[in-house]
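Please open the model in your viewer and keep the sequence panel visible. The tour below proceeds by selection, from individual side chains to the whole chain.

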Amino acid sequence: AAEANARAEAEAAEAKARAAEAEKAKQSAQARQEKNQQNQRAQPPPQVAPKRASTTDTMKATFTAHEAAWEAFEANPPAQITSSKVPWPPSVEDVLRGMVLAAGGDKSTVAKQVYRKATLRW
């Protein structure tokens, strides 16, 4: 009877130890889950790159800005024209392409007309 009693107590102690380990594992898992949730909340949202203007948009904008400056220069030229007072294009290539895009039509014919106009201007 004493032996059976000792075995029962040993089994009870083992069961209690397993229950304690199971509880500890459960708490550990909950702690990891909470930490993961906190990390997910703490991370900033992914950055979205701003939309870049297309090359065509850039050329049109360059042409439009230059054209406005040129028209203002023609409408009210300075008394003494110097190189620094002439509204030179920031990028001749972009202005020429912008002029072609703005004029529309057959590209080769328009390009020749635009190039001639730009050559006479500058």
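Buried means under 20% relative accessible area, exposed means over 50%, and partly exposed is the range in between. The model on display is predicted.

**First selection: Glu-3 and Arg-7**

Select Arg-7 and Glu-3, which both belong to helix α1 (residues 2–42). How far apart are they in the sequence? Four residues separate them, about one turn of the helix. Their side chains form a salt bridge, with an N to O distance of 3.4 Å. Arg-7 has a relative accessibility of 49% and therefore counts as partly exposed. Glu-3, at a relative accessible area of 59%, is exposed.

**Second selection: Glu-14 and Arg-18**

Remain on helix α1 and select Glu-14 and Arg-18, which are four residues apart and thus separated by about one helical turn. A salt bridge joins these two side chains as well, at 3.7 Å from N to O. Is Arg-18 buried or exposed? Arg-18 counts as exposed, because its relative accessibility is 52% and the exposed class comprises values over 50%. Glu-14, with a relative accessible area of 47%, is partly exposed. The count of salt bridges in the model comes to two.

**Third selection: Trp-70 and Phe-73**

Move to helix α2 (residues 55–75) and select Trp-70 and Phe-73, which lie three residues apart, about one turn of the helix. The model has one aromatic pair. Trp-70 and Phe-73 form this pair, with ring centres 5.3 Å apart and 35 degrees between the planes, an arrangement classed as tilted. Both Trp-70 and Phe-73 are buried.

**Fourth selection: Glu-67**

Glu-67 also lies in helix α2. Why does Glu-67 count as buried? Its relative accessibility is 13%, and the buried class covers values under 20%. Display the contacts of Glu-67, leaving aside neighbours within four places in sequence: the partners are Lys-117 and Arg-121.

**Fifth selection: the largest nonpolar core**

Select Phe-63, Leu-96, Met-99, Val-100, Val-110, Val-114 and Ala-118 together; these seven residues make up the largest nonpolar core. Helices α3 (92–103) and α4 (107–121) each supply at least two residues of this core. Within this selection, centre the view on Met-99. Which residues does Met-99 contact, apart from neighbours within four places in sequence? The partners are Phe-63, Val-114, Lys-117 and Ala-118. Lys-117 is thus in contact with Met-99 and also with Glu-67, the residue of the previous stop.

**Final view: the whole chain**

Clear the selections and display the chain in full. How many helices and strands does the chain have? The chain has four helices and zero strands, and its pattern along the sequence reads α-α-α-α. Of the 122 residues in the chain, 16% are buried. Switch to a surface display: the accessible surface comes to about 9900 Å², and carbon and sulfur atoms account for 54% of this area. Lastly, consider contacts between residues at least 6 apart in sequence; 49% of these join residues at least 24 apart.

Definitions and conventions: Residues are numbered from 1 along each chain as its sequence is written. This is a predicted model: local features need pLDDT of at least 70, side-chain atom pairs count only at pLDDT 80 or more; totals for chains, interfaces and linings use all residues. Side-chain values use heavy atoms; hydrogens and water are left out. A salt bridge is a side-chain nitrogen of Lys or Arg within 4 Å of a carboxyl oxygen of Asp or Glu. Buried means under 20% relative accessible area, exposed over 50%, partly exposed in between (1.4 Å probe, protein chains only). A nonpolar core is a set of buried Ala, Val, Leu, Ile, Met, Phe, Trp, Tyr and Cys residues joined through side-chain atoms within 4.5 Å. Contact means heavy atoms within 4.5 Å. Accessible areas come from the Shrake-Rupley method with a 1.4 Å probe; for residues, only the protein chains shown count as cover. Rings of Phe, Tyr and Trp (its six-membered ring) pair if their centres lie within 6.5 Å; planes under 30 degrees apart count as stacked, over 60 as edge-to-face and the rest as tilted.
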